[in-house]
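Colleague: Got a minute to go through this one with me? I'd like the overall picture, then some details.

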Amino acid sequence: MTGGYYKGARQIPGTTQRNIFIMNKLTICIDRGGTFTDCIGFLSVPPSSEHPDGRKEFVVKLLSVDPNSYPDAPREGIRRILELATGEKHPRDKPLPTEKLGRLMNCAPDLGNRHNFVYPDGNNGRNQRVAGTQRRTQCIANYERLQGNQSRPKIFDLAIRKPDVLYQRVVEVDERYDPAIPFRLRILWTNHFGNLRSVTLIGYTSSPEGIVTEISEEEEGTVTRGISGELVRIMKKPDIEQIKRDLILLHDEGYRSISICLMHSYTYPEHEQQLGALAASVGFTHVSLSSNITPMIKIVPRGTSATADAYLTPAIQEYIRGFVSGFDQHLERNTKLQFMQSDGGLVPVKNFSGFRAILSGPAAGVVGEWMTRYGLVLSLGCYALTSFSPKENTPVIGFDMGGTNVSRFDGHYEHVFETTTAGVTIQAPQLDINTVAAGGGSRLFYRNGLFVVGPESASAHPGPACYRKGGPLTVSDANLILGRLIPAYFPKIFGPNEDQPLDVEASRTLFLELQSKINAFVGAGKEMSVDEIAYGFLKVANETMCRPIRTLTEAKGHDTGNHILACFGGAGGQHACAIARSLGIRKILIHRHSSILSAYGLSLADVVHESQEPSSDIWSDAAVPHLQIRVDAQRKACAEELRRQGFADTHIKTEAYLNLRYNGTDSALMTLMPEDGSWDFGKAFVEMYQHEFGFTLPDRDIIVDDIRIRGIGKAINHEYQSVYDETNAIKQHGSLRFVDATAADTNTSIYFESVGRNDATPVYILQNLRVGDQVRGPAMIIDATATLLIEPACTALITSHHVTIVIGEDEKPRVTTELDAIQLSIFSHRFMSIAEQMGRTLQKTSISTNIKERLDFSCALFGPDGGLVANAPHIPIHLGSLSHAVKYQMAHYGDNLHEGDVILSNHPLAGGSHLPDISVITPVFNEGKIVFFVASRGHHADIGGISPGSMPPNSKEVASLVISCRVYLGNRLYQEGAAIKSFKLVLNGHFDLKGITEHLLENPAKYPGCSGTRCLRDNISDLKAQVAANHKGITLIKALIKEYGLEVVQAYMMYIRNNAEIAVRQLLKDVNQRVGGRRLKAVDYMDDGTPISLEVTINPKEGTAVFDFEGTGPEVYGNCNAPQSVTHSAIIYCLRSLIANDIPLNAGCLTPVTINIPANSILSPSESSAVVGGNVLTSQRLVDVVLKAFGACAASQGCTNNLTFGMGGKTEETGVVKEGWGYYETIAGGEC
């Protein structure tokens, strides 16, 4: 927090918001964050000349944790507001009176720091134990421990610490029911897979006969119909007596909270309901049923959602009981107590559940910014949100520098329905808010020649160095040193007596120490001043915050520059101009309540009640009547609940959604009923899909997965103009006027990049400025809770409720090809951002589970020499091998590559890892020359071969088999599917559908016992997604070249490689010193006894090393052979993992390394050798050997544990290829 925190409160000007508050009673809104708690109180009074708006407002901001002063920050904030509003003293040790309290609206308590879960500053509370004696368990049918997905947030951490599970005990329930299928189909599946009971989703959309709606006579009486319409067969009912004994045992052990999740309970909840009632009868005080919490398909997120609710809700209830105990006994009678959910809606305290509270603070901020920007208008007897101005038609990026969070609004709230927070996946509607690991408390480091900001935070304690608690250097300290924080206007709340100002000297002392370190590294002639260093860190911090904003916009096909930047949070106003200028944004909007906007947003939020049911209908005109009946029933239920909460029918609105997806895909979109009230959900879905993913699938059915109703109780009415209308009115009436510098409260010294120190920067007090006043930059506008920096060439306009800043064309310091440490850090972010956005595009536009959900893909950027520039941290096995693939194609095509060409390859000798990993490579041209390459590699679920999934456990060396064929087809890895060394997938801009069909479908089927791909449609869709990802990378690279020039971009490409090289050289020198100069040796074995032997010889003077694998066993007659590119990937992964600090991942990591691999060994097999296991088994053992040689850590289990199954393909009898599907999964257990 670097804004104007202050102790106490003040009355501030109101708005024309009416009909919201209870006369003579306070409405108080509270947002408790990780560091600060913001409170705003409203007291309705008769309109007068002093209070024309008919209300008073009071603001209090205080530390969230200050045990020496008060036990609970929200209650302390209420106490202070009560004293200010009534003029009466209320001792802290006495219950607060409630006769003056009309409404209390809260964000969730700080669950991260209180209860070992989550909140903005990350892990700060993770070491704390759950308070009290309540313990929780989880009851899951046939599911002993929930699996996570394959996201890899810290892939280079050799001691990965997964978040603790939220439950303490698991009890299995021996029951089972399956979606019913016809008897004849049941036999087919039993013969194909063996045990029918192991199959969970048979008879669903992926089955050969699709969704089953009718059954044979043999099945009558044994099935029932679920809520979704699917037929459900009860295979085994739960043993109630045994479960009761288990529950009694758990209750006797002290457990009181339980979550219950059974297979398919989303459509058949009866068994969960039975167990829930049983648990309550035993004495469990809280029971979370997954079918109630989130009645959606997918047991894993449904189970984790129920577990999170069982974990969090009792904790929240415990907090609420403590909170309520601080008031008199009439709180419930006198006061409405409500809480904000993560979806931006308020609920009464009795309906507040933990799993919907994760992002309630940021959600309130989003509501506050969007709703205060344009307001709400009364229309046709009910309130309707008009957050987006059709006149201006400019979307908004919300930037909250406190959390720090970013979001986007274009007239509609953007919701997501499955999120992962602190390792816990939750299915619940939440506003689409992206958290940034940068803020005022982010720590500053100088590492290996790079300026680094965060992600480590100084948090609330000890806080920044200037807080007088011995804290480290942070962004706040940099702002203070540069004059962007003025101690005289900052409250004196520091020191042991809480009466000292910010400590400038403490910040300066640490910056001087850092200056010595930096100048010693950069050398003579390149020394930097303290101002330059502090500003350098701010530039890196700004770029860190720009990176997710670019992802939020550019990755979704939006032009970042065509937005308004809406800043809030205490420090947002200090960084707003720089961030907007970096993003190409020309207008900034800062609300007068920006530093407390999450609290203010609570006063504007609607009360919501939601209802959701599963469905399995195929969208069609015939399905509409049935769906209408279900929607109407849910609408009535939501409206009735809101009536019970006191809302009149005129203040109740309901929104109908259908959760739709294309058959065979997993990308469901929650589709709102069209505004005209028509039931053309199908058209609306197709339009959404086209906008979101850039393509549609017209040949596929649309499946209705869920029916959702959002009931909204409108509690407020706004009557003020939008900023757009007010600004136009000011201009039309000629009310614009520039403020003279003599009106400044004082002048101060601030450092700016373009002009250096400006010792006469005027400082204005916001309350002294009038509507229509304009302030030229450079200047500073200060409010009691925020500081706004108006940079040179920028102009601020004061309106009734906002400060609008227009970004002018400032003379930007020219970036040259000469190395600059600050620009090096910025380019590192920019290059990595390109790779990340490519990955986002690929994940979004693909349709296969492998890429979209398992995240088995990588995207990277390469120089004109084929060397790696930036590889987003996706799949370790791809890290080094992708560069081999690019270099192979460069040598293969020479000068025969042209703009519009896209190359496809997957062959091991062409830099491939294993055949399902298909690489798509695109050259980037500038003025007719190749200046970069971009590449994406994705694991395709099936590319043919002898078994579905193209991961056969029994593939062998095939040369002799091929020669014995009657038709000689060359040495191919045919048992493992299509093997392609090089193919122009796109030639001169034309996608070669015929050619890729021949490669994937026809050629593999020519071999005995083999089929072509079993899911060509999915292959084609995913390949087009890879092409789209590459195109995104090309667009961003060309934008970077346009911004800086080709020479500068390529110069920093080499500097970043050199930076990584320096880090690896230093690592090797340190290792050599640690081991006393001896050679590093290690050997380990495959299951068949094949050795993998390594000797590492380090040159301590040069910081180089030779990795010699002499002594490694020969290639095997099996599929555990690993291509050479896999060895390079393993080494670059291990070297990067051995470096503790974050460094750029690129070709520089391998520059100091020479790798010797004996020919025809298991690590360098011949062309015809099978390799599918080498990628997932041998690679693991290879990593074990490298880490063993360095003495870094113990070995893994040496396998990624692969599961593959599927159906379809070529039938031996007819030779006809029948479309089917293949599924492949790695169940983890290693580094890959």
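Modeller: Let's start with the whole chain and then go through single sites. Keep in mind that this is a predicted model.

Colleague: How many helices and strands in the protein chain?

Modeller: The protein chain has 26 helices and 52 strands.

Colleague: And what share of the 1232 residues is buried?

Modeller: Buried residues account for 62% of them. The accessible surface of the chain is about 46700 Å². Carbon and sulfur atoms hold 50% of that surface.

Colleague: What about contacts between residues at least 6 apart in sequence?

Modeller: Of those, 69% join residues at least 24 apart.

Colleague: Helices next. How covered is α13?

Modeller: Mostly covered. Helix α13 runs over residues 572–583, and 10 of its 12 residues are buried. Among them are His575, Cys577, Ile579 and Leu583. The glycines Gly572 and Gly573 are buried too.

Colleague: What follows α13?

Modeller: Gly584, with a positive phi near 80°.

Colleague: Salt bridges now. What's the count?

Modeller: The count comes to 37 salt bridges.

Colleague: Give me one inside a helix. What does Arg643 pair with?

Modeller: Arg643 pairs with Glu640, at 3.1 Å from N to O. The two are about one helical turn apart, because they sit 3 residues apart in helix α15 (residues 624–644).

Colleague: Why does that spacing work in a helix?

Modeller: An α-helix has 3.6 residues a turn, so residues three or four places apart point the same way.

Colleague: Is Arg643 buried, exposed or partly exposed?

Modeller: Arg643 is partly exposed, with a relative accessible area of 36%. Glu640 also counts as partly exposed, at 36% relative accessibility.

Colleague: Now a long-range one. What does Arg700 bridge to?

Modeller: Asp1018. Their closest N and O atoms are 2.8 Å apart. Arg700 lies in the loop between α16 and β31 (702–713), while Asp1018 lies in helix α23 (residues 1016–1044), so the pair ties together parts 318 residues apart in sequence.

Colleague: Is Arg700 buried or exposed?

Modeller: Arg700 is buried, with a relative accessible area of 9%. Asp1018 is at 19% relative accessibility and counts as buried, because the cut-off for buried is under 20%.

Colleague: And Asp942, what's its partner?

Modeller: Asp942 forms a salt bridge with Arg1014, with the closest N and O atoms 3.1 Å apart. This pair links distant parts of the chain, 72 residues apart. Asp942 is in the loop between β44 (929–939) and α21 (959–963). Arg1014 is in the loop between α22 (993–1002) and α23. Both residues are buried.

Colleague: Which residues do salt bridges with shared partners join into one network?

Modeller: Glu76, Arg79, Arg80, Glu83 and Arg92 are joined that way.

Colleague: Over to the surface. Which residues form the negative patch?

Modeller: Asp621, Glu675, Asp676, Asp680 and Glu687 form a negative surface patch. One of them, Asp676, sits in the loop between β30 (669–672) and α16 (681–693). Asp676 counts as exposed because its relative accessibility is 63%.

Colleague: And which residues make the nonpolar patch?

Modeller: Leu1203, Phe1205 and Ile1227. Together they have about 230 Å² of accessible area. Phe1205 is in strand β51 (residues 1202–1210). With a relative accessible area of 30%, Phe1205 is partly exposed.

Colleague: Switching topic. Where does Glu1061 lie?

Modeller: Glu1061 is in helix α24, which spans residues 1046–1074. Glu1061 counts as buried, because its relative accessibility is 15%.

Colleague: What is Glu1061 in contact with, leaving aside neighbours within four places in sequence?

Modeller: Gly1148, Thr1151 and Pro1152.

Colleague: Last one: Arg233. Which strand, and is it buried or exposed?

Modeller: Arg233 lies in strand β10 (residues 231–236). At 9% relative accessibility, Arg233 counts as buried.

Colleague: How far apart are the C-alpha atoms of Arg233 and Val223?

Modeller: They are separated by 4.4 Å, and the two residues are 10 residues apart along the chain.

Terms used: Residues numbered from 1 in each chain as written. Predicted model: local features only at pLDDT ≥ 70, side-chain atom pairs only at ≥ 80, totals over all residues. Heavy atoms only, no water. Patch = residues over 30% accessible without salt bridge, like charges linked within 9 Å, V, L, I, M, F, W, Y side chains within 5 Å. Areas by Shrake-Rupley, 256 points an atom, 1.4 Å probe, with all protein chains shown as cover. Salt bridge = Lys/Arg side-chain N within 4 Å of Asp/Glu carboxyl O. Lys, Arg positive; Asp, Glu negative; His and termini not counted. Charge placed at Lys NZ, Arg CZ, Asp CG, Glu CD. Helix = DSSP H or I, 4+ residues; strand = E, 2+ residues; numbered from the N terminus. Buried < 20%, exposed > 50% of the residue type's maximum accessible area, 1.4 Å probe, protein only. Contact = heavy atoms within 4.5 Å.
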